[in-house]
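Biologist: Got the model open? I'd like to go through the chain contacts and then one helix pair.

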2 protein chains.
Amino acid sequence: MNQSLPQLLHDLKHHLLFLSSTVEDAVAKVVQALVQRDSRLAREVVAADAEIDNMEVRIEGECQQILALHQPVASDLRFVVATLKINNDLERMGDLAKKIGKNVSYLCGVSPTSANVDFREIAEKARLMVKRSMDAFVNSDVELARQVLADDDEVDSLKDELYEELRNTIRNHPDELDSLLKLYSVTRNLERLGDMATHIAEEVIFIIEGDIVRHNAGA
Amino acid sequence: MNQSLPQLLHDLKHHLLFLSSTVEDAVAKVVQALVQRDSRLAREVVAADAEIDNMEVRIEGECQQILALHQPVASDLRFVVATLKINNDLERMGDLAKKIGKNVSYLCGVSPTSANVDFREIAEKARLMVKRSMDAFVNSDVELARQVLADDDEVDSLKDELYEELRNTIRNHPDELDSLLKLYSVTRNLERLGDMATHIAEEVIFIIEGDIVRHNAGA
């Protein structure tokens, strides 16, 4: 309670980055589980989501305490408000990693499909988008935020390629439909991770360009 | 600037409810467009998402102003913090309605599939979940919030039935695969609307039960 506002904001930033690195870690692990058909690792990702949920609750509590006891204004207030939203987004990203984990668990228990799909590239790009969007946020780096928007186009292209291969495999191997639809879902959820990182990047651009607009208006 | 905090909070609640009713309206319309194969109505829903985005930005601005100028505490602060999160969720729900609208536009331009699916029930239940979760929030009605959690189980069951029918149709009519996958996506996005309403309901329960815990701790 005796900490200064700058110290509390510093800690908040640190905790938010720790949450995002935990989410990144879940994304990396769940795709490793898929590639290596490692159901134990997939279950580990599913179980680890509870800790992500706890972190989110703690960070929201910190935000509320800062708002109630320190009444931040201007850029500090915008940082806390953005943290509340991004914190929520990160928790949802954790949910996506968990959903993928459940599908990977299922896929580890059945025969591999005939689809020629490799999820490593899309997953690595999506993970990097999460990292970059968070780095852009904590460093107010609008260029890096714009890079995330460009990354999203690449993730969308990779998703389209994977979808195409999965659709072709469904046509040629309809007996593998259930597994192929799970892979379809994995693809979509990796793309959604990228979408959520894009939302964060857009938020960063909005905050920074909003600033510029306000500065100009006040000049 | 001269308005009192109670008046500003009252207005904020009103604006949030207007946003949620706009989202509900989009959900109802997009499914009407699907059932009636009305591509104009589908495009209308897609276009209307921009207004939902604008509302979200305005509501967030109101929250920031209230935090900066009126420094709310206790339940008022929790209301503003929850509004920031729910406002974000409602904007995402608008995105889902827009996504469905794009799929419906596509489906209106191709032959109907052989799938025996009717989306009216799941859509109406999902729409009602949005309404109930928001009513639970603004009235602090924990019973209604719990009803939303029960509704979500029904939506999940309906989704499973639709998925099953769509999978069977893919097996029997692989030539309709593209359209059937769009219907799969519509089903999933309606279920996700229900999931997001569930998040709001869980938030309401957390706020109210958090209160109880705090009251007990202070007794």
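Modeller: We can take the interface, then the symmetry, then the helices; note that this is a predicted model.

Biologist: How many residues of chain A are in contact with chain B?

Modeller: 15 residues of chain A, in contact with 15 residues of chain B.

Biologist: Which helices supply the side of chain A that touches chain B?

Modeller: α2 (39–70), α3 (74–108) and α5 (142–172) of chain A each give at least two residues. The largest share, five residues, is from α3(A).

Biologist: And what classes do the residues on that side of chain A divide into?

Modeller: Nine are nonpolar, three polar and three charged.

Biologist: Switching to symmetry. What turn lays chain A on chain B?

Modeller: A turn of 180° with a shift of 0.0 Å along the axis, at an RMSD of 0.0 Å. That is how a two-fold axis relates two copies. Both copies use the same surface, as 100% of the contact residues of chain A recur in chain B.

Biologist: Now α4(B) and α5(B). At what angle do their axes cross?

Modeller: Roughly 160°, and the axes come within 9 Å. Angles over 145 degrees count as roughly antiparallel, so α4(B) and α5(B) are roughly antiparallel to each other.

Biologist: Is the crossing left-handed or right-handed?

Modeller: Left-handed, as α4(B) passes α5(B).

Biologist: Which residues make the contact?

Modeller: From α4(B), they include B:Ile122, B:Leu128 and B:Arg132. From α5(B), B:Val148, B:Asp151 and B:Leu158 are among them. By class, the contact has eleven nonpolar, two polar and eight charged residues.

Technical notes. Residues are numbered from 1 along each chain as its sequence is written. Chains are lettered from A and ligands numbered from 1 in the order in which they are written. This is a predicted model: local features need pLDDT of at least 70, side-chain atom pairs count only at pLDDT 80 or more; totals for chains, interfaces and linings use all residues. Two residues are in contact if their C-beta atoms, placed from the backbone, lie within 7 Å. Helices (H or I, at least four residues) and strands (E, at least two) are DSSP runs, numbered from the N terminus. Ala, Val, Leu, Ile, Met, Phe, Trp, Tyr, Cys and Pro count as nonpolar, Asp, Glu, Lys and Arg as charged, and the others, Gly among them, as polar. Copies are superposed by least squares on the C-alpha atoms of residues with pLDDT of at least 70 in both. Axes are lines fitted to C-alpha atoms, for helices over the stretch in contact, and angles run from 0 to 180 degrees between N-to-C directions. Angles under 35 degrees count as roughly parallel, over 145 as roughly antiparallel, 65 to 115 as roughly perpendicular and the rest as oblique. A crossing is left-handed if the near helix is turned anticlockwise from the far one by less than a right angle, and right-handed if clockwise.
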